[in-house]
Amino acid sequence: MADNQSSDMEVDDNESTIVSSSSASTPVLPRLRVLSLFNGIGTGYRALLKLKFDIEVFYASEIDEDALMLTKYYFSETITQLGSVSEITTNVLDQIIPINLLFGGSPSSDLSEDNNKKKGLFDPTGTGILFFDYYRIWNYLSLKAAREKTPFYWFYENLASMDIENKDIISEYLECQPIVLDSFHFNPQRRKRYIWSNFPRITMLPDIQKLKYVNNAPKLDDNLEKNLDRQANVECVGTITSKRSCLQDNKSGDPVCQDGQYTSLFITEIEEIFGLPQHFTDVADLSISTRQKLLRRAFSGQVIVDVLDLLSGKFAKKKSEEKSEEESDLSQ
């Protein structure tokens, strides 16, 4: 009997070893280590939380005091601010690597064809030249990741109304052609953006989005305050800029009718159009014009969610029952 018991125990041990080996063969996905340049009001971080990614660390570069206050209000100390993008040297990067996700969009006003005084990419007195800070950091992290054989994903965003010459220069530096995404597929605003990226399936995303939302086209009426009997005069507005007058143009006119009067959008309605909850930018004593300026510089909420969702399966996610304090606050 003792021999039989010993034999049985050996079989059990072998079975245990097999199960353990099988479990060990399951790949463990890495947690996200993120660097967000020109971070704005943190819509990229918010999108990652919405998608349940497990974020080990999130570094950001931003200098606008109002944007910094807003991100601190919502995300407390979970975002580590690094200051100006021009101050992120190789020494700083060496202290925070590895970084496996880099994203950002440098200021676009000096690249816009609508700006008669635009300074382009190379004028040191303009903002277009800040692209080269993104490139400098992108290049250093790309080479580091290739040398150390660690995953590294990235995207760069800017407006699609820049001239062809600037688009081609950026494409040459980033070694790829951009895709074009329009927030029109998610919310009632025409806002075309170029996205340069190495994300998996990124080139398929425009077609995926068109199919996904073809029968569910957003309408401006969906974002208006119904309790005040506000009605849309158009289905979609033009690109929302930092100027309150941007919606009184030839494309959109006065987009809303209320009590027989033609008028513009409330700031809370603009927040919804950007995929944010009402009053998201209503922090401290920020003025309406300041809140619109912050929104204008932000990623469109659903666009950035769809872009970052392409990384699902590449990085770890939290279990469905896990919810951070930031996620709880943002869902309220």
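This is a short conversation about reading a predicted model, feature by feature.

Colleague: Happy to have you walk me through this one. What does the secondary structure of the protein chain come to?

Modeller: Glad to! Remember that we are looking at a predicted model. The protein chain has eleven helices and ten strands. Of its 332 residues, 48% are buried. Among contacts with a separation of 6 or more, 69% link residues 24 or more positions apart. The chain exposes about 17200 Å², and carbon and sulfur atoms supply 48% of that area.

Colleague: Let's turn to strands. In which sense do E1 and E2 pair, parallel or antiparallel?

Modeller: The general idea is that strands of a sheet pair through backbone hydrogen bonds, in either a parallel or an antiparallel way. Here, strand E1 (residues 32–37) and E2 are parallel, with six bridges between them. One pair to look for is Leu37 and its bridge partner in E2, Ser61. Strand E2 covers residues 55–61, and six of its seven residues are buried.

Colleague: And in what order do the strands E8, E9 and E10 lie?

Modeller: These three strands make an open sheet in the order E8-E9-E10, with antiparallel pairing. Strand E8 (231–232) and strand E10 (261–263) are the edge strands, each pairing on one side only. Between E8 and strand E9 (residues 256–258) there are two bridges. To find the place on screen, look for Ala232, which stands opposite Val256 in E9.

Colleague: Now a helix. Which residues of H6 are buried?

Modeller: In helix H6 (residues 164–174), the buried ones are Asn166, Lys167, Ile169, Ile170, Ser171 and Leu174. Their cover includes helix H5 (131–148), E5 and E7. Just after H6 comes Glu175, with a positive phi near 65°.

Colleague: How should I read a positive phi, and where is Ser76?

Modeller: As a rule, most residues other than glycine have a negative phi, and most peptide bonds are trans. Ser76 is not a glycine, yet its phi is positive, about 50°. You will find Ser76 in the loop between helix H3 (65–75) and E3. With a relative accessible area of 43%, Ser76 is partly exposed. His279 is another non-glycine residue with a positive phi, about 70°. That residue sits in the loop between helix H8 (267–273) and H9. His279 counts as partly exposed because its relative accessibility is 42%.

Colleague: You mentioned peptide bonds. Which residues does a cis peptide bond join?

Modeller: Look at Ile97 and Pro98, where omega is about 5°. Pro98 belongs to the loop between H4 and strand E4 (101–104). Just before helix H4 (90–96), in the loop that follows strand E3 (80–81), is Thr89. Its relative accessibility is 34%, so Thr89 counts as partly exposed. Thr89 and Asp133 are 44 residues apart in sequence, and their C-alpha atoms are 9.7 Å apart in space.

Colleague: What about empty space? How many cavities of 30 Å³ or more does the structure hold?

Modeller: The idea is to roll a probe the size of a water molecule over the atoms, which shows where empty space is left. This structure holds two cavities of 30 Å³ or more. The largest cavity has about 100 Å³ of space. Thirteen residues line it, and Glu157, Ile195, Phe299, Ser300 and Val303 are the closest to its centre. E5, strand E6 (179–182), strand E7 (192–197) and helix H10 (301–308) each give two or more residues to that lining. H10 provides the largest share, three residues. By class, the lining of the largest cavity has seven nonpolar, two polar and four charged residues.

Colleague: And which residues line the second largest cavity?

Modeller: Ile97 and Pro98 are back, together with Ile99, Leu141, Lys144, Ala145, Glu148 and Thr150. This cavity has a volume of about 70 Å³. Its lining divides into five nonpolar, one polar and two charged residues.

Colleague: Last one: how much space lies in the second largest pocket?

Modeller: About 700 Å³. Its lining has 30 residues, with Phe38, Gly105, Ser106, Pro107 and Arg297 nearest the centre. Strand E5 (153–159) and helix H9 (288–296) each supply at least two of the lining residues, and the largest share, three residues, comes from E5. The lining of this pocket divides into eleven nonpolar, twelve polar and seven charged residues.

Conventions
Residues are numbered from 1 along each chain as its sequence is written. This is a predicted model: local features need pLDDT of at least 70, side-chain atom pairs count only at pLDDT 80 or more; totals for chains, interfaces and linings use all residues. Side-chain values use heavy atoms; hydrogens and water are left out. Two strands pair if DSSP finds at least two bridges between them. Helices (H or I, at least four residues) and strands (E, at least two) are DSSP runs, numbered from the N terminus. Buried means under 20% relative accessible area, exposed over 50%, partly exposed in between (1.4 Å probe, protein chains only). Contact means heavy atoms within 4.5 Å. Accessible areas come from the Shrake-Rupley method with a 1.4 Å probe; for residues, only the protein chains shown count as cover. On a 1 Å grid over the protein atoms alone, a cavity is a set of points where a 1.4 Å probe fits but cannot get out, and a pocket is an open set with protein on both sides within 12 Å along at least five of seven lines; lining residues have an atom within 4 Å of a point. Grid points are joined across faces, edges and corners, and a volume is the space filled by probe spheres set on the points. Ala, Val, Leu, Ile, Met, Phe, Trp, Tyr, Cys and Pro count as nonpolar, Asp, Glu, Lys and Arg as charged, and the others, Gly among them, as polar.
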